[in-house]
Amino acid sequence: MVTVAFLLSKKLRKSWTNVFIVNLAVTDISTTVVMFFFAYISFTDVHQNGHATVVICARCVALGRTFLGCSIITLTLIAVNRWILTTKSPETYRKIYRGKFVVLMLLLSWLSSILISLVPLHSGNIQFQRKIRFCYYLVGERPERPGLNASPIASSTMPYFIVAPTIIACCYWNIFKHVKLIGMRVQSWPEVWTIIR
């Protein structure tokens, strides 16, 4: 719905923030679609065919990590966008958020997510845990110590869950401080406060 509204409305297409919101909607829908394949693996007998399960697991892991990673990076880009729009001058915002630069930011968000999602696939061994019916990969497993450094797919996305939330929290904290400071200034001007009331 967000994407359709964006395409149909000229007003919505004028804001660069809405471009990021559309990107976020696309990544969230894509993540949801990938989750259907995880459910398919978990609740069917596909796990009886070991090779097919590993292939499906590998694809689900790569796609899920790509979409989830891009979604988190997009949320971070939205927070930075709001911070610059709120705390900086309109001229600064217009210099940073031009068409080519926004397209570059979106491309980098997708490319970095793809690269981060593919690295573990080449450095680890995708497995399917039959007891819990879950895909995971073994990172750095050694033949003499099988199972060493076994980590579920969620742990491989920890950089997303540390760096991105920190940036988001800092952006919104600075926005809060900026708005609070403006509010205090407005309250200190009696004539302006009288007009607002």
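Modeller: Buried means under 20% relative accessible area, exposed means over 50%, and partly exposed lies in between (1.4 Å probe, protein chains only). This is a predicted model, in which local features need pLDDT of at least 70 and side-chain atom pairs count only at pLDDT 80 or more, whereas totals for chains, interfaces and linings use all residues. Residues are numbered from 1 along each chain as its sequence is written, and side-chain values use heavy atoms, with hydrogens and water left out.

Colleague: Is Ser113 buried or exposed?

Modeller: Ser113 belongs to helix α6, where helices (H or I, at least four residues) are DSSP runs numbered from the N terminus. Its contacts (heavy atoms within 4.5 Å), leaving aside neighbours within four places in sequence, are Thr66, Gly69, Cys70, Ile73 and Tyr160. Because its relative accessible area is 0%, Ser113 counts as buried.

Colleague: Which element gives the most residues to the largest nonpolar core?

Modeller: A nonpolar core is a set of buried Ala, Val, Leu, Ile, Met, Phe, Trp, Tyr and Cys residues joined through side-chain atoms within 4.5 Å. The largest one has 15 residues, and Phe20, Leu77, Tyr97, Val102, Met105 and Leu106 touch the most other members. Two or more residues come from each of α3 (16-43), α4 (50-87), α6 (99-123) and α7 (158-187). With five residues, the element that gives the most to this core is α4.

Colleague: Which residues does Met105 touch, not counting those up to four places away in sequence?

Modeller: Met105 is one of the residues that touch the most other members of the largest nonpolar core. Once residues up to four places away in sequence are set aside, Met105 touches Phe20, Leu77 and Tyr97.

Colleague: What is the distance in Å between the C-alpha atoms of Tyr40 and Ile56?

Modeller: Tyr40 is located in helix α3, and its relative accessibility of 42% makes it partly exposed. Along the chain, Tyr40 and Ile56 are 16 residues apart, while their C-alpha atoms are separated by 9.7 Å.

Colleague: Which residue forms a salt bridge with Arg94?

Modeller: The structure holds one salt bridge, meaning a side-chain nitrogen of Lys or Arg within 4 Å of a carboxyl oxygen of Asp or Glu. Its two residues are separated by about one helical turn, because they stand three residues apart in helix α5 (residues 90-96). Arg94 is exposed at 52% relative accessibility, and its partner is partly exposed at 46%. With the closest N and O atoms 3.8 Å apart, the residue bridged to Arg94 is Glu91.
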